[in-house]
Every structure is written in C-alpha cells, then in structure tokens.
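Please read these notes with the model open beside you. Take the points in order.

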Amino acid sequence: MKHVDRKVDRDKHIVEAVVRRFGPVSRVQIYELTRLRPTTISTLVRELLQEGKLVESGPADNPMGRKQTLLHLNGEYGSVVAVEFDEETVVAGVLDLHLRIQEIIKEPTDLSGGLETLLEQLQACARKVIRKSKVSSILGIGIADPGLVDSRRGITTTSSTIEFWKQVPLRQAFETEFKIPTVVESKARAKTVAERMLGAGNKFDNLIYIDYGAGIGAGVIVDGHLLYGQDCAVGEFGHTHVTEGGPACKCGSIGCLEAIAGTGAIVARIRKALAEGAQSQVLSMAAGDVENITAWMVLMAAKAGDKICSNIVAEVANNLGLGVSNLVNLFNPAVVVLDKRLEMAGDLFLDQVLQVVKRQALSNSVAGLSLTFATLGNEPGLLGMGLILLDKHFEIPALRPPRFMIEPVQLMPAAPESTRSAVV
Ligand SMILES: [Zn+2]
C-alpha cells in the first residue's frame, strides 16, 4: 500500500482514479462519486489539467441544466511495457494509459542457449519495442511468465515447460537494466485479470480462468480477490491429478492433468495413432510431415470432423472436465473461462467439458455456472500486465499514520507468571 503525508495529496489521487474508472466525467459527477468539497475538486482538477494528466472534452448534454465540461484521462501521459512469453513465442508491447497497444513485436522463443539467452531475449524485446514506440515516460514494465512465479519477490521459481527456467530473478534483472519499476506475474494470473476486466469474465467476483498450452494453469478469483497462496503457487491446475497412475509429468510426478491433456499429450497421441496406421486429415495440414503436427492442428481437424482427432480431443475434454469439476467444487465460481485457443476445437468441445462438469460437480455449484471460451483475441497476457501495472499506478494511497503509531513506545513488559512466583 502506498502512503502520502497530506490529505490533499490523497484527494488528488482519488480524483485521478475516479476519472480513470468512470471517465469521461464532469466535476459534478466527481463530487457525487467522492463527496469531496467542490472547491477542492476544482483546484485539484486544475492542477491535474496543468500537469497533463487529465484532458477536457466537449460539454456533456445535460437536459437538466447547464452543460458540463467532461474530463478524461490523458492516455498519452504515460505508457507501460508488457512482455508475455511461453516456450513458443515472446511478445512485447507498449500500451498507453487506455490500454491501447501502441507498438508490438513478436518472435519465436530462443531456447537454444539456456537461461541467460532467454533472459537476454526478453530484455532485447522490451528494448526494441520501447525504441520502436518512441515513448519517453514509461510507468512500469510487466512480465507475464509461463512458469511458477513468486510475484511478491519478482522471481520465477520454476517452469514445467521450459526446463532451465528456474529461480530467475526477473524483476531485479529488469529493474537493473531499465531503471523502471517491474512487476512479474504468472501468465495464467495476468490473463485471468484481463479476461475478468475486459473479456469473458464480465467483471465477475468469482471466476476461474484456465490457461491452456503445453502447461495448464488456472487463475482463481474468489470474492473479488485474485488468490496467490503461501508461495504464490495457487492455480497449478496442470499438476492436479485426475487419474491414478498415468504418464510421467515434467514436474516429477505421474498422472498430472497437463501430462494427460496438455498440448504435448495431444501431439504424442496423434503421432502414435498415425504410426499405427490410422488415417487423419491432420497429416495433410502438416504438409505430410508428422514432425510438423501441432496440437492446434489436431483441435482444428477435430472441429472439421476428423475421426481420430475427434477421439483425442474428446478425451482431452473429458480430463479437463474432471479437473474443472474439482475446481468448481473447491471455489464455487460464477464463470469458468477457457483459454481462447481451445476455441479451435469448436463449441462441441465446450459442450463436452460442460457435460462432464455437470455430471461430476455438485449440482448446487453447477446450477448458476457458466462455462465459456475467453474472448480476448489480442495478447491477453499483455493486457493483463497492463491492467496490473495501471491498477498499481493509480492505487489510492493511504494517509501515513502519525509517527507514534508507526513506532509505538515499548512499555515495560510484565514478567511471565512463572518468574513472578519464583521471585516471591
Ligand atoms: Zn506435474
């Protein structure tokens, strides 16, 4: 929590935050929302306009009386830089304060040289996109990481999809290099925040987002709180078990959901089926080369009705449905949002997952549940990191408590009972 010394500084943050959240708004609406004194609002708005943080736009139509000038946030006042990556792609973008993507670059993830090479690539991508955008005032850098992220310390603890990505002090590395405050978050949590505020999550306070790929993660929002846990490890959905036994997982356990239903499992299954002589249109999608087949091709072939691929995808839906049923029973969400990439398998896939959830989860929790594909097509990880950075930037600070409350006087401690009786 940020602190300020004077009430007037706090009020200024409140005005700015209200304009960001509800803008465009008039001064009268700011009064109605904050109940700050009108003269205070006028003074603070004037200062914010002079500083370039707010801008005025044409008078609002007000049939009830005098037309009022509207205020909104100056989107160009500052920018944030967001980097999203996984074992396939690195994406870096510069976003303005309205979260409009100003510049974006994408490149394949370089896994050839280990940790140092990948870290250097992430920094190089951030550098390139900043240079391309020509922005000067960068409020923060956010990194959406596919691994298990300790967001409080800004460290990636481990990754089950990028083997060497362990104990990476990402925040420190970026802050040393760029001298800009940096936030590191798990990709699943970043996308969860984005889908909740801008996508299919519809601002629900109880929401679970399933991030799907080689790894499977979940972002869990309960009663409006994004859950982290003791080691920031809430949401390691891919390492929950839906069956006893099963294939080995990269985490060292066996039978994990992502080992059974992740993209790696899909590719392994289709290759095995083809090696055993099965016919599938996915082979022509991969230009006749088994090595080129991706899980996404299998999803698309299933949607097109390919029999082998449909069977594989139905099995994925079944296992994912069992996992989601457990999440529904544990967290009672209003909505479960599935990674948009799963939409490649079509609505049938969504229906298959839903049928399993309806069968397995408690009927009370399923009654009001909605299961849907994510809707943010364009870089939800970047948008999520942008939201997280801006929420941090526009956070309303608390008034610093008086000094005597911060450093309470140490009173003479009473002697413990046993000591007292011994003295007597
Ligand atoms: Zn595992």
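1. Start with a cut-off. A residue counts as exposed if 12 or fewer other C-beta atoms lie within 10 Å of its own. Keep in mind that this model is predicted.

2. Is Arg35 buried or exposed? Arg35 has 8 other C-beta atoms within 10 Å, so it is exposed. Look for Arg35 in the loop between helix H2 (27–34) and helix H3 (38–50). Check its backbone too. Arg35 is not a glycine, yet its phi is positive, near 60°.

3. Now go to Ala287. This residue sits in the loop between helix H9 (282–285) and helix H10 (295–303). Its phi is positive, about 55°, and Ala287 is not a glycine. Ala287 is exposed because 8 other C-beta atoms lie within 10 Å.

4. Which residues does a cis peptide bond join? The bond links Gly23 and Pro24, with omega about 0°. Pro24 belongs to the loop between helix H1 (7–22) and strand E2 (25–26).

5. Turn to the sheet. Five strands make up an open sheet with mixed pairing, in the order E7-E6-E5-E8-E11. Why does one side of E7 and of E11 lack a neighbour in the sheet? Strand E7 (101–108) and strand E11 (182–186) stand at the edges and each has a single partner strand, so one side of each is left free of a neighbour there. From one strand to the next, the twist averages 15°.

6. Finish with one strand pair. Strand E6 (residues 89–96) and E7 run antiparallel, joined by seven bridges. Leu95 has Ile101 in E7 as its bridge partner.

Conventions:
Residues numbered from 1 in each chain as written. Predicted model: local features only at pLDDT ≥ 70, side-chain atom pairs only at ≥ 80, totals over all residues. Pairing = 2+ DSSP bridges. Helix = DSSP H or I, 4+ residues; strand = E, 2+ residues; numbered from the N terminus. Axes fitted to C-alpha atoms, helices over the stretch in contact; angles between N-to-C directions. Buried ≥ 20, exposed ≤ 12 C-beta atoms within 10 Å, placed from the backbone.
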